[in-house]
2 protein chains.
Amino acid sequence: MAQYPEQLNGIFQALADPTRRAVLGRLSRGPATVSELAKPFDMALPSFMKHIHFLEDSGWIRTHKEGRVRTCAIEKEPFTAVEAWLAEQQELWESRTDRLEQFATEHTVTTPAKDTPQ
Amino acid sequence: MAQYPEQLNGIFQALADPTRRAVLGRLSRGPATVSELAKPFDMALPSFMKHIHFLEDSGWIRTHKEGRVRTCAIEKEPFTAVEAWLAEQQELWESRTDRLEQFATEHTVTTPAKDTPQ
DNA sequence: ACATCAGTTAGCTCTTGCGCTAACCATTGT
DNA sequence: ACAATGGTTAGCGCAAGAGCTAACTGATGT
């Protein structure tokens, strides 16, 4: 369930760049070729390709070349990895507020009113 | 609902480092001082402090100093920001599979049987 | 055959990230 | 008053990130 933490490094790092997030946004709608993906960005192709490679290396996309054209498609695993990490934190947080609530109710017994300020 | 994308840069970048993720994990259980947080890590204090600052600058934590001791507490906003981004992608993905299903059913009308291959 | 189109390779900048040490406050405890 | 504790500041080094240009390969269209 929990995966190798080093993979999370790349997964999150990939999301830290707006160009890459935009590419993922585009690919969520369906596969596309590199030049289709690159068109909206005011950036030299080699620079853009680095982002593509980063996304591929970090597992966010899968690509394959047919003839001279490379097609990219999004991958769902990193998605679920992020959700898993989020859920993990949520859990810790929950168990903490549980403890706080427990603490609070324990004290409610001794306090006169529950809506009194100050 | 959608927030300034530049903020997401820092938010995700912060998660790209295992030390910082661990700190957040610890803080999910409740507030802690810098030296408490630093203890588990084999790292010079100034190096560790950079992570603390990064987390603070990116909005993941809030800190305040009392006397000579600085206490850190986790912040929930970045959390929901990440969830929002995730949900946004999910939506695109969904509407895509909707379109695919629609495409499939449109063709089911004109095809003789719905389970026929080729 | 040739030109064009899609991507690739190589190599260069500049900035940022992430670690370190050494020296320095400033509060707290004796 | 002094020592110890908890952070902070300054500055250094190395690796990686993010962009560029120039030149090249290899498939496709005419």
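Visitor: In what order do the elements of chain A run from the N terminus on?

Guide: The order is α-α-β-α-α-β-β-α, which adds up to five helices and three strands. This is a predicted model, where local features need pLDDT of at least 70 and side-chain atom pairs count only at 80 or more, while totals for chains, interfaces and linings use all residues. Residues are numbered from 1 along each chain as its sequence is written, with chains lettered from A and ligands numbered from 1 in the order in which they are written.

Visitor: What makes something a helix or a strand here?

Guide: Both are DSSP runs numbered from the N terminus: H or I over at least four residues for a helix, E over at least two for a strand. Strand 1 of chain A covers 32-33, so it qualifies as a strand.

Visitor: How do you know that strand 2 and strand 3 of chain A pair?

Guide: Pairing takes at least two DSSP bridges. These strands have six, in the antiparallel sense; in one of them, K65(A) is partnered by R70(A) of strand 3. So they count as paired.

Visitor: Why are strands 1 and 2 of chain A said to stand at the edges?

Guide: The three strands form an open, antiparallel sheet in the order 1-3-2. Strand 1 and strand 2 (61-66) each have a single partner strand, so one side of each lacks a neighbour in the sheet.

Visitor: What lies across that sheet, and at what angle to strand 3?

Guide: Helix 2 (residues 18-28) of chain A lies across strands 1, 2 and 3, at about 85° to strand 3. Axes are lines fitted to C-alpha atoms, for helices over the stretch in contact, with angles from 0 to 180 degrees between N-to-C directions. Contact means C-beta atoms, placed from the backbone, within 7 Å.

Visitor: Which residues come nearest to DNA strand D?

Guide: A44(A), S47(A), G67(A), S35(B) and P46(B), out of 23 residues around it. "Near" means a C-beta atom, placed from the backbone, within 6 Å. Helix 4 of chain A gives the largest share of that surface, five residues.

Visitor: And which helix gives the most to the surface near DNA strand C?

Guide: Helix 4 of chain B, with five residues. Among the residues around strand C, S35(A), P46(A), A44(B), S47(B) and G67(B) come nearest.

Definitions and conventions:
Two residues are in contact if their C-beta atoms, placed from the backbone, lie within 7 Å.
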